[in-house]
Amino acid sequence: MENQIKKIAVLTSGGDAPGMNAAIRSVVRSCAYYNIECVGVYRGYQGMIEGDFKEMGARSVGNIINKGGTILKSARSLEFMTKEGRQKAYDYLKKEGIDAFVVIGGDGSFTGALVFNQEFNFPVMGIPGTIDNDIFGTNYTLGYDTALNTVVEVIDKIRDTASSHNRLFFVEVMGRDVGHIALNAGVGAGAEEILIPEENLGLDRLIESLKKSKKSGKSSSIVVVAEGDKIGKNVFELAEYVEENFPFYEVRVSVLGHMQRGGTPSCFDRVLASRMGVKVVESLIEGKSNLMVGVIDNKMVLTELDKAIKGKSKINRELLKVSDIMTT
Ligand code: F6P
(Lines give C-alpha, C1' and ligand atoms only; values in the text may rest on other atoms or scores of the structure.)
Protein backbone atom coordinates (compact mmCIF):
# COMPACT_ATOMS: atom_id res chain seq x y z
CA MET A 1 0.00 0.00 0.00
CA GLU A 2 1.28 3.45 -0.86
CA ASN A 3 2.23 5.65 2.07
CA GLN A 4 -0.58 8.17 2.63
CA ILE A 5 1.48 10.31 5.00
CA LYS A 6 3.45 12.98 3.15
CA LYS A 7 3.75 15.66 5.81
CA ILE A 8 3.99 15.30 9.59
CA ALA A 9 3.80 17.98 12.28
CA VAL A 10 5.59 17.63 15.61
CA LEU A 11 4.89 19.58 18.79
CA THR A 12 5.79 19.55 22.49
CA SER A 13 3.00 20.13 24.97
CA GLY A 14 2.51 20.45 28.74
CA GLY A 15 5.45 20.53 31.16
CA ASP A 16 8.80 20.36 29.36
CA ALA A 17 11.18 17.50 30.06
CA PRO A 18 14.84 16.84 29.21
CA GLY A 19 14.97 14.67 26.10
CA MET A 20 12.17 16.48 24.29
CA ASN A 21 14.69 18.08 21.92
CA ALA A 22 16.25 14.71 21.20
CA ALA A 23 12.75 13.42 20.36
CA ILE A 24 12.03 16.38 18.05
CA ARG A 25 15.36 15.71 16.32
CA SER A 26 14.50 12.07 15.91
CA VAL A 27 11.04 12.75 14.43
CA VAL A 28 12.49 15.35 12.03
CA ARG A 29 15.37 13.12 10.91
CA SER A 30 13.16 10.03 10.57
CA CYS A 31 10.87 12.08 8.32
CA ALA A 32 13.88 13.18 6.24
CA TYR A 33 15.08 9.57 6.03
CA TYR A 34 11.69 8.39 4.71
CA ASN A 35 11.22 11.44 2.41
CA ILE A 36 8.35 12.90 4.40
CA GLU A 37 8.06 16.63 4.99
CA CYS A 38 8.18 17.73 8.61
CA VAL A 39 6.79 20.83 10.27
CA GLY A 40 7.50 22.01 13.82
CA VAL A 41 4.59 23.54 15.73
CA TYR A 42 5.60 26.20 18.25
CA ARG A 43 4.00 26.52 21.72
CA GLY A 44 2.10 23.24 21.69
CA TYR A 45 -1.59 23.18 20.79
CA GLN A 46 -1.81 26.97 21.18
CA GLY A 47 0.65 27.39 18.32
CA MET A 48 -1.37 24.92 16.26
CA ILE A 49 -4.48 27.05 16.78
CA GLU A 50 -2.52 30.14 15.67
CA GLY A 51 -0.75 28.46 12.74
CA ASP A 52 2.69 28.96 14.31
CA PHE A 53 4.48 26.41 12.10
CA LYS A 54 7.99 26.06 10.71
CA GLU A 55 9.32 23.64 8.10
CA MET A 56 12.05 21.47 9.61
CA GLY A 57 14.75 19.63 7.71
CA ALA A 58 17.46 17.28 8.98
CA ARG A 59 19.94 20.15 9.42
CA SER A 60 17.51 22.31 11.38
CA VAL A 61 17.79 20.02 14.41
CA GLY A 62 21.60 19.99 14.64
CA ASN A 63 23.17 20.42 18.09
CA ILE A 64 19.97 19.99 20.06
CA ILE A 65 20.30 16.36 21.21
CA ASN A 66 22.19 17.60 24.25
CA LYS A 67 19.88 20.52 25.15
CA GLY A 68 17.27 20.57 27.92
CA GLY A 69 13.88 22.24 27.47
CA THR A 70 12.26 22.27 24.04
CA ILE A 71 13.26 24.36 21.03
CA LEU A 72 9.61 24.28 19.93
CA LYS A 73 8.54 25.71 23.30
CA SER A 74 5.61 24.32 25.21
CA ALA A 75 2.27 25.48 26.53
CA ARG A 76 -0.89 24.29 28.20
CA SER A 77 -3.66 25.53 25.86
CA LEU A 78 -7.11 26.17 27.32
CA GLU A 79 -8.39 27.10 23.86
CA PHE A 80 -7.57 23.64 22.50
CA MET A 81 -10.01 22.25 25.07
CA THR A 82 -12.83 23.96 23.14
CA LYS A 83 -14.36 22.69 19.90
CA GLU A 84 -13.77 26.12 18.27
CA GLY A 85 -10.08 26.03 19.19
CA ARG A 86 -9.62 22.55 17.76
CA GLN A 87 -11.46 23.57 14.57
CA LYS A 88 -8.99 26.45 14.09
CA ALA A 89 -6.08 24.04 14.59
CA TYR A 90 -7.57 21.60 12.08
CA ASP A 91 -8.04 24.37 9.51
CA TYR A 92 -4.37 25.39 9.83
CA LEU A 93 -3.16 21.79 9.55
CA LYS A 94 -5.23 21.29 6.39
CA LYS A 95 -4.08 24.61 4.94
CA GLU A 96 -0.46 23.50 5.40
CA GLY A 97 -1.19 20.09 3.86
CA ILE A 98 -0.25 18.24 7.06
CA ASP A 99 -1.45 14.62 7.22
CA ALA A 100 -0.65 13.67 10.83
CA PHE A 101 0.87 15.03 14.03
CA VAL A 102 3.14 13.69 16.75
CA VAL A 103 2.70 15.17 20.21
CA ILE A 104 5.46 14.87 22.80
CA GLY A 105 3.97 15.34 26.27
CA GLY A 106 1.98 13.79 29.10
CA ASP A 107 -1.53 12.43 29.53
CA GLY A 108 -3.23 15.84 29.19
CA SER A 109 -1.54 16.31 25.81
CA PHE A 110 -2.59 12.80 24.75
CA THR A 111 -6.20 13.50 25.73
CA GLY A 112 -6.14 16.54 23.41
CA ALA A 113 -4.74 14.41 20.58
CA LEU A 114 -7.36 11.71 21.04
CA VAL A 115 -10.29 14.13 21.09
CA PHE A 116 -8.85 15.78 17.97
CA ASN A 117 -8.57 12.44 16.21
CA GLN A 118 -12.14 11.51 17.09
CA GLU A 119 -13.51 14.82 15.83
CA PHE A 120 -11.58 15.09 12.57
CA ASN A 121 -10.39 11.53 11.91
CA PHE A 122 -6.87 12.98 11.81
CA PRO A 123 -3.91 10.61 12.44
CA VAL A 124 -2.08 11.34 15.72
CA MET A 125 0.73 9.66 17.68
CA GLY A 126 2.13 10.30 21.14
CA ILE A 127 5.63 10.25 22.64
CA PRO A 128 5.59 10.24 26.47
CA GLY A 129 7.61 13.21 27.72
CA THR A 130 7.33 14.09 31.41
CA ILE A 131 9.75 13.83 34.30
CA ASP A 132 7.01 12.25 36.46
CA ASN A 133 7.09 8.83 34.70
CA ASP A 134 3.35 8.63 35.33
CA ILE A 135 2.22 7.22 31.97
CA PHE A 136 0.83 3.73 31.50
CA GLY A 137 2.32 1.75 28.59
CA THR A 138 5.99 2.52 29.10
CA ASN A 139 8.58 1.71 31.73
CA TYR A 140 10.16 5.12 31.20
CA THR A 141 8.96 8.53 30.03
CA LEU A 142 11.39 11.04 28.51
CA GLY A 143 13.06 13.20 31.13
CA TYR A 144 12.52 10.88 34.08
CA ASP A 145 16.04 9.44 34.10
CA THR A 146 17.61 12.90 33.82
CA ALA A 147 15.40 14.23 36.63
CA LEU A 148 16.40 11.31 38.87
CA ASN A 149 20.07 12.06 38.31
CA THR A 150 19.50 15.74 39.03
CA VAL A 151 17.67 14.98 42.27
CA VAL A 152 20.28 12.49 43.46
CA GLU A 153 23.07 14.98 42.74
CA VAL A 154 21.30 17.69 44.73
CA ILE A 155 20.49 15.42 47.67
CA ASP A 156 24.16 14.40 47.82
CA LYS A 157 24.98 18.08 48.31
CA ILE A 158 22.25 18.50 50.91
CA ARG A 159 23.68 15.50 52.75
CA ASP A 160 27.04 17.30 53.08
CA THR A 161 25.47 20.19 54.92
CA ALA A 162 22.97 18.00 56.83
CA SER A 163 25.72 15.86 58.31
CA SER A 164 27.91 18.89 59.14
CA HIS A 165 25.14 20.32 61.33
CA ASN A 166 23.36 17.20 62.61
CA ARG A 167 20.23 18.28 60.81
CA LEU A 168 17.13 16.62 59.51
CA PHE A 169 16.23 17.72 55.99
CA PHE A 170 12.88 17.39 54.29
CA VAL A 171 13.49 17.47 50.53
CA GLU A 172 10.40 17.94 48.37
CA VAL A 173 10.62 16.56 44.84
CA MET A 174 8.19 16.73 41.92
CA GLY A 175 5.51 14.15 41.31
CA ARG A 176 2.02 15.63 41.39
CA ASP A 177 0.20 12.29 41.53
CA VAL A 178 2.93 9.68 41.70
CA GLY A 179 6.01 8.88 43.75
CA HIS A 180 8.40 7.54 41.11
CA ILE A 181 10.93 10.34 41.45
CA ALA A 182 10.75 10.35 45.26
CA LEU A 183 11.06 6.58 45.58
CA ASN A 184 13.87 6.02 43.10
CA ALA A 185 15.89 9.11 43.93
CA GLY A 186 15.25 8.44 47.62
CA VAL A 187 16.76 4.98 47.38
CA GLY A 188 19.56 6.25 45.13
CA ALA A 189 20.46 9.03 47.55
CA GLY A 190 20.09 6.89 50.68
CA ALA A 191 17.15 8.78 52.20
CA GLU A 192 15.98 7.82 55.67
CA GLU A 193 12.30 7.94 54.77
CA ILE A 194 10.45 8.39 51.50
CA LEU A 195 6.93 9.81 51.49
CA ILE A 196 4.90 9.10 48.35
CA PRO A 197 1.23 9.43 47.37
CA GLU A 198 0.89 5.66 46.84
CA GLU A 199 1.75 4.85 50.49
CA ASN A 200 0.39 6.85 53.38
CA LEU A 201 3.05 6.32 56.02
CA GLY A 202 1.25 8.42 58.63
CA LEU A 203 2.76 10.94 60.99
CA ASP A 204 3.13 8.54 63.93
CA ARG A 205 5.11 6.04 61.91
CA LEU A 206 7.30 8.81 60.53
CA ILE A 207 8.19 9.95 64.06
CA GLU A 208 8.73 6.34 65.15
CA SER A 209 11.07 5.74 62.25
CA LEU A 210 13.06 8.91 62.95
CA LYS A 211 13.36 7.94 66.62
CA LYS A 212 14.59 4.49 65.64
CA SER A 213 17.29 5.84 63.35
CA LYS A 214 18.41 8.41 65.92
CA LYS A 215 18.69 5.59 68.49
CA SER A 216 20.74 3.52 66.06
CA GLY A 217 23.38 6.25 66.04
CA LYS A 218 22.49 8.46 63.09
CA SER A 219 23.31 12.12 63.52
CA SER A 220 21.56 13.52 60.45
CA SER A 221 18.73 12.43 58.23
CA ILE A 222 17.10 13.06 54.89
CA VAL A 223 13.41 12.53 54.24
CA VAL A 224 12.34 12.74 50.58
CA VAL A 225 8.76 13.90 50.08
CA ALA A 226 6.86 13.70 46.78
CA GLU A 227 4.86 16.88 46.21
CA GLY A 228 1.66 14.82 45.86
CA ASP A 229 2.20 12.99 49.15
CA LYS A 230 -1.04 12.23 51.02
CA ILE A 231 0.17 12.60 54.60
CA GLY A 232 -2.16 15.60 54.91
CA LYS A 233 0.46 18.29 55.48
CA ASN A 234 2.66 20.21 53.08
CA VAL A 235 6.41 19.85 53.48
CA PHE A 236 6.73 22.96 55.69
CA GLU A 237 3.90 21.85 58.00
CA LEU A 238 5.49 18.42 58.14
CA ALA A 239 8.82 19.89 59.16
CA GLU A 240 7.10 21.95 61.87
CA TYR A 241 5.22 18.92 63.15
CA VAL A 242 8.39 16.86 63.39
CA GLU A 243 10.31 19.68 65.09
CA GLU A 244 7.57 19.91 67.73
CA ASN A 245 7.18 16.19 68.28
CA PHE A 246 10.77 15.06 67.92
CA PRO A 247 13.02 17.91 69.04
CA PHE A 248 16.33 16.11 68.60
CA TYR A 249 17.30 17.49 65.24
CA GLU A 250 17.31 20.96 63.80
CA VAL A 251 14.95 20.68 60.84
CA ARG A 252 15.34 22.30 57.43
CA VAL A 253 13.28 22.15 54.24
CA SER A 254 14.48 22.15 50.63
CA VAL A 255 11.93 22.34 47.82
CA LEU A 256 13.76 21.35 44.65
CA GLY A 257 11.08 22.67 42.27
CA HIS A 258 11.52 23.32 38.57
CA MET A 259 15.28 22.76 38.48
CA GLN A 260 14.27 19.09 38.26
CA ARG A 261 12.81 19.74 34.82
CA GLY A 262 15.90 21.39 33.37
CA GLY A 263 19.40 20.43 32.36
CA THR A 264 21.25 18.33 29.86
CA PRO A 265 19.41 15.08 29.11
CA SER A 266 21.10 11.88 30.26
CA CYS A 267 22.39 9.39 27.71
CA PHE A 268 19.47 7.13 28.60
CA ASP A 269 16.92 9.85 27.73
CA ARG A 270 18.70 10.73 24.47
CA VAL A 271 18.74 7.12 23.31
CA LEU A 272 15.14 6.57 24.35
CA ALA A 273 14.03 9.75 22.55
CA SER A 274 15.86 8.69 19.39
CA ARG A 275 14.20 5.27 19.42
CA MET A 276 10.76 6.70 20.13
CA GLY A 277 10.94 9.22 17.28
CA VAL A 278 11.86 6.55 14.74
CA LYS A 279 9.09 4.25 15.96
CA VAL A 280 6.30 6.87 15.73
CA VAL A 281 7.25 7.97 12.22
CA GLU A 282 7.49 4.37 11.01
CA SER A 283 4.12 3.62 12.64
CA LEU A 284 2.46 6.55 10.87
CA ILE A 285 3.92 5.37 7.56
CA GLU A 286 2.39 1.94 8.28
CA GLY A 287 -1.00 3.65 8.56
CA LYS A 288 -1.23 3.46 12.37
CA SER A 289 -2.78 6.17 14.51
CA ASN A 290 -4.02 6.93 18.06
CA LEU A 291 -1.05 5.21 19.66
CA MET A 292 1.65 6.09 22.12
CA VAL A 293 5.12 4.67 21.77
CA GLY A 294 6.73 3.27 24.90
CA VAL A 295 9.54 1.04 26.03
CA ILE A 296 8.81 -2.14 27.97
CA ASP A 297 11.57 -4.60 28.83
CA ASN A 298 13.80 -2.64 26.45
CA LYS A 299 11.49 -3.22 23.46
CA MET A 300 9.59 -0.48 21.66
CA VAL A 301 5.86 -1.05 22.11
CA LEU A 302 2.70 0.77 21.06
CA THR A 303 -0.24 1.39 23.40
CA GLU A 304 -3.61 2.86 22.45
CA LEU A 305 -3.72 6.48 23.55
CA ASP A 306 -6.96 5.79 25.36
CA LYS A 307 -5.29 3.10 27.50
CA ALA A 308 -2.19 5.22 28.08
CA ILE A 309 -4.43 8.00 29.42
CA LYS A 310 -6.70 5.83 31.58
CA GLY A 311 -4.16 3.28 32.82
CA LYS A 312 -2.17 3.80 36.00
CA SER A 313 1.62 3.61 36.16
CA LYS A 314 2.61 1.60 39.22
CA ILE A 315 5.50 2.20 41.57
CA ASN A 316 8.00 -0.58 42.08
CA ARG A 317 6.97 -1.93 45.48
CA GLU A 318 10.17 -3.92 45.82
CA LEU A 319 11.92 -0.57 46.26
CA LEU A 320 9.85 0.17 49.37
CA LYS A 321 11.30 -2.90 51.02
CA VAL A 322 14.81 -2.14 49.75
CA SER A 323 14.51 1.32 51.24
CA ASP A 324 13.37 -0.10 54.61
CA ILE A 325 16.27 -2.53 54.71
CA MET A 326 18.81 0.12 53.67
CA THR A 327 17.77 2.40 56.53
CA THR A 328 18.35 -0.26 59.20
O1 F6P B 1 4.00 17.19 35.08
C2 F6P B 1 5.30 17.39 35.50
C3 F6P B 1 5.41 18.32 36.65
O4 F6P B 1 6.76 18.43 36.78
C5 F6P B 1 4.75 17.91 37.99
O6 F6P B 1 5.45 17.02 38.78
C7 F6P B 1 4.56 19.24 38.66
O8 F6P B 1 3.55 19.21 39.61
C9 F6P B 1 4.19 20.10 37.51
O10 F6P B 1 4.88 19.58 36.39
C11 F6P B 1 4.43 21.56 37.67
O12 F6P B 1 4.28 22.16 36.44
P13 F6P B 1 4.01 23.69 36.10
O14 F6P B 1 4.71 24.50 37.10
O15 F6P B 1 4.53 23.80 34.72
O16 F6P B 1 2.54 23.85 36.17
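## Where the ligand sits between two domains

Let's start with the domain contact: 18 residues of domain 1 touch 13 residues of domain 2. Keep in mind that this is a predicted model. The ligand sits in the largest pocket, and each of the two domains gives at least three residues to the shell around the ligand.

**The two domains**
- The protein chain splits into domain 1 (7–143 + 265–310) and domain 2 (144–261).
- Measuring from C-alpha centre to C-alpha centre, domain 1 and domain 2 are 34 Å apart.

**Who's around the ligand**
- Ten names to look for in the viewer are Arg 76, Thr 130, Ile 131, Asp 132, Met 174, Gly 175, Arg 176, Glu 227, His 258 and Arg 261, which surround the ligand.
- Sorted by character, the shell has five charged residues, three polar ones and two nonpolar ones.

**Polar contacts to ligand oxygens**
- His 258 puts a polar side-chain atom 2.6 Å from an oxygen atom of the ligand.
- Arg 76 also uses its side chain, with an N or O atom 2.9 Å from an oxygen atom of the ligand.
- Gly 175 works through its backbone instead, where an N or O atom lies 3.2 Å from a ligand oxygen atom.

**How covered the ligand is**
- On its own, the ligand has 400 Å² of accessible area, and the protein covers 77% of that.

Note on methods. Residues numbered from 1 in each chain as written. Predicted model: local features only at pLDDT ≥ 70, side-chain atom pairs only at ≥ 80, totals over all residues. Heavy atoms only, no water. Near = heavy atom within 4 Å. Polar contact = N/O pair within 3.5 Å; in protein donor to acceptor, adjacent residues only side chain to side chain. Areas by Shrake-Rupley, 256 points an atom, 1.4 Å probe, with all protein chains shown as cover. 1 Å grid on protein atoms, 1.4 Å probe; cavity = no way out; pocket = protein on both sides within 12 Å on 5 of 7 lines; lining within 4 Å. Sits in = over half its atoms within 2 Å of the grid points. Nonpolar A, V, L, I, M, F, W, Y, C, P; charged D, E, K, R; others polar. Domains from an automatic or database assignment. Contact = heavy atoms within 4.5 Å.
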